[in-house]
Amino acid sequence: MSSRELVTLNVGGKIFTTRLSTMKQFPASRLARMLAGKDQEFKMIDGQIFVDRDGVLFSFILDFLRTHQLLLPSGFSDYLRLQREALFYELDSLVDLLNQHLLQLRPAVLEVHFLNRSTQAFFRVFGSCSKTIEMLTERITVFIEQPTTPTWNNSFPPQMTLVSLPPQRPSYHDLVFHCGSDSITDNQTGVRYVSIKPDNRKLANGTNVLGLLIDTLLNEGFHLVSTRTVSSEDKTECYCFERIKSPEVLMVNKTPQPETTSITIMAEQSQKKK
């Protein structure tokens, strides 16, 4: 490899050596203009191009130029500073990927409101992520106990069976269900049970169902961040959960095309005339 194919940069005191072709991956960027000598802010000193910016963050910039991927180490937190550097170098593709990265880092928030009365436990679950609610909808099944024989026949006691009911959905991001004693049709008293898959237990006790629901959320990667009493009179408790997913590796969809030079344009125009 010829030394003419390489370029050395001093970025904030850190030395980087890379190919010229790597620095020209995005022709519209400030880095490409720097190599063309079209940006007076960058100075050549002792054979090195001096850039008065953060050298540590530039290592991630250079990795992006080489791979067209945004892959950051675990525990990285300087997303906004890295985005500022990407804006300085006018790397629009990297800015877009960082925006996607920041969206991925937003936690899924979920709240469970639990009202425990003497004869009934009432749950209201809602969250900021519709996928979370859909996951719970698939796993929560409500059953109601109903007699299978006519109540006027006193010769035999009525047999009870569990009839499946869908959880109530007052809105797209809400899930409402309850368990315990409940009044049903014909002035009969039934019992609502709640089952959460894959556990498949049918629990009528509200406290047990709450514990099963919390276990399910913890197994799904949520963690409990706070609890509070919503209403002391009604004994309503609120449990707040969060889940932060690990960001995926993001890539630029297209490999940037080289700049069209004036010579290329003139050659195309002359071919059209022929």
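In this predicted model, helix 7 covers residues 206-219, and because a rise of 1.5 Å a residue leads one to expect a span of 20 Å for its 14 residues, the 20 Å found between its end C-alpha atoms agrees with that expectation. The N-terminal end of helix 7 is capped by Asn205, which places a side-chain oxygen 2.9 Å from the backbone nitrogen of Thr207. Just beyond the helix, Gly221 adopts a positive phi of about 95°. The buried residues of helix 7 are Gly206, Val209, Leu210, Leu212, Leu213, Ile214, Thr216 and Leu217.

Helix 3, made up of residues 55-67, can be described in the same terms. Its 13 residues reach 19 Å from the first C-alpha to the last, which is close to the 18 Å expected at 1.5 Å a residue. Gly55, Leu57, Phe58, Ile61, Leu62, Phe64 and Leu65 are the buried residues of this helix. They lie on the same side of helix 3, because the arc they cover around the axis is only 155°. At the N-terminal end of helix 3, Asp54 acts as the cap, with a side-chain oxygen 2.9 Å from the backbone nitrogen of Val56, while just after the helix His68 takes a positive phi of about 60°.

Both helices belong to a chain that contains 8 helices and 14 strands. Of its 274 residues, 36% count as buried, and the accessible surface of the chain amounts to about 16,800 Å², with 49% of that area belonging to carbon and sulfur atoms. When contacts between residues at least 6 apart in sequence are considered, 58% of them join residues at least 24 apart.

The structure also holds 12 salt bridges, among them the pairs listed here.

| Salt bridge | N to O distance |
|---|---|
| Glu90 and Arg33 | 2.9 Å |
| Arg53 and Glu85 | 2.8 Å |
| Glu85 and Arg84 | 3.9 Å |

The salt bridge between Glu90 and Arg33 links distant parts of the chain, since Glu90 sits in the loop between helix 4 (79-88) and helix 5 (92-104), whereas Arg33 belongs to helix 2 (residues 30-35), 57 residues apart. Glu90 has a relative accessibility of 33% and therefore counts as partly exposed; Arg33, with a relative accessible area of 28%, is likewise partly exposed.

The salt bridge between Arg53 and Glu85 starts from the loop between strand 4 (48-51) and helix 3, where Arg53 lies, and ends in helix 4, which contains Glu85, so that the pair ties together parts 32 residues apart in sequence. How exposed or buried are the two partners, Arg53 and Glu85? Arg53 is partly exposed, because its relative accessible area is 23%, whereas Glu85, at 3% relative accessibility, counts as buried.

Glu85 also forms a salt bridge with Arg84, at 3.9 Å from N to O, and Arg84 counts as partly exposed because its relative accessibility is 46%. Elsewhere, a network of salt bridges links Arg30, Asp39 and Glu41.

Terms used
Residues are numbered from 1 along each chain as its sequence is written. This is a predicted model: local features need pLDDT of at least 70, side-chain atom pairs count only at pLDDT 80 or more; totals for chains, interfaces and linings use all residues. Side-chain values use heavy atoms; hydrogens and water are left out. Helices (H or I, at least four residues) and strands (E, at least two) are DSSP runs, numbered from the N terminus. Buried means under 20% relative accessible area, exposed over 50%, partly exposed in between (1.4 Å probe, protein chains only). Contact means heavy atoms within 4.5 Å. Accessible areas come from the Shrake-Rupley method with a 1.4 Å probe; for residues, only the protein chains shown count as cover. The expected span of a helix is 1.5 Å times one less than its number of residues. The arc is that of the directions from the helix axis to the C-beta atoms. A polar contact is a pair of N or O atoms within 3.5 Å; within protein, one must be able to donate a hydrogen and the other to accept it, and residues adjacent in sequence count only if both atoms are side-chain atoms. A salt bridge is a side-chain nitrogen of Lys or Arg within 4 Å of a carboxyl oxygen of Asp or Glu.
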